Amino acid sequence: MKIGIDIGGSHISSGIVDEYGKIIEKEVEDISTINIENEEKAKKIIIDVINSQIEKLLKKQNYEICDISKIGIAAPGNPTKKAIRNLVNLKIEYFEIGKILENKYDAIVNIKNDGKCSGLAEKKYGNLKKYSDCIFLCIGTGVGSAVFMDDDLLEPKVNTGFEFGHMIIDKKGPECNCGNKGCFETYVSMKRLKKEIISKFKLKRDMASEDVQKYVRQNIKEKEVDLLVENYINNLAIGVSNIINIFEPEAICFGGSFSYYSDIFLPKLNKELEKYVFNKDIKCDLLCTKFKNDAGIIGASII
Ligand SMILES: [Zn+2]
């Protein structure tokens, strides 16, 4: 039996996943309200949450520890096969969590970047299944990705690569967390979009993402809202067309919290791309994720 774990900045989720990519049982824990003082405390919290989630999963499905054959972990940034690295939100620089879990559960533990895991889930079981040259683009707090050519995930040797979020689309643009200016993600991250909508339309500063989304949907015909969305789509199209011009994918599947807007945004993006895609004979389907927040768990179970 396989377990997939998704370590995010605000949540840790674990699930038992079957051989068809279906989640049989799932546990989710919000860790955003926990006060993480230092790296040691963060490591303890992560391990404790994972152990308790695995214990609950086994109990609910009447499994024993010895039934676990494999544990996969989806983690942000540049994890190694056995360690998570540079989790800024969780104050972790390096944590060899893979070894600890291998000893405890006597099972193989593998770790991979979360964007790659989610992409693998869409490629194997989801909306990218029928495409051989395709891309998964996860737009949330940042931009994650996975690129497939001839059905294979492209993997550079040192890091996870394909940092589309830090592709500079305007060298005089806003400052990015990475220290550069005008990175793609400073224009298209959902965090930025939410912030812009709240400040422009003077909404409550702590408004939930769902309510911001509702506001956009209800007011999409208003000139100012429409203008903001058009501007967002234009920046998105610049970055996405660069990606299309380089890889010529047959499809791009969009995940992350972007997917909650995809019915409004994707048709507009499709039209805007006509301006920027170089080879006019390229036909790239724009799709929305099948698994939404579950993609990380499902993908982690197959690494
Ligand atoms: Zn950047």
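The zinc ion sits in a tetrahedral site, with angles of 105 to 121° among its four donor atoms. Four donors count as tetrahedral here if all angles lie between 85 and 135 degrees. For reference, ideal angles at a metal are 109.5 degrees for four tetrahedral donors.

Keep in mind that this is a predicted model: local features need pLDDT of at least 70 and side-chain atom pairs count only at pLDDT 80 or more, while totals for chains, interfaces and linings use all residues. Residues are numbered from 1 along each chain as its sequence is written, and side-chain values use heavy atoms, with hydrogens and water left out.

Who holds the zinc? The protein donors are His 166 (ND1), Cys 176 (SG), Cys 178 (SG) and Cys 183 (SG), lying 2.0 to 2.4 Å from the ion. Donors are N, O and S atoms within 2.8 Å of the metal (3.2 Å for Na, K and Ca); water is not among the atoms, so sites may look incomplete. In sequence, the donor residues follow the spacing H-x9-C-x1-C-x4-C.

Now for accessibility, where buried means under 20% relative accessible area, exposed over 50%, and partly exposed in between (1.4 Å probe, protein chains only).

| Residue | Relative accessible area | Class |
|---|---|---|
| His 166 | 29% | partly exposed |
| Cys 178 | 39% | partly exposed |
| Cys 284 | 13% | buried |

As for disulfides (pairs of cysteine sulfur atoms within 2.5 Å), a search of the whole structure finds zero. The sulfur of Cys 284 has its closest cysteine sulfur in Cys 134, 9.6 Å away and so too far for a bond. Cys 288 doesn't manage it either, because the closest cysteine sulfur, in Cys 253, is 6.7 Å from its own, too far for a bond.

Notes: Tetrahedral: all angles 85-135°; square planar, octahedral: opposite > 155°, others 65-115°.
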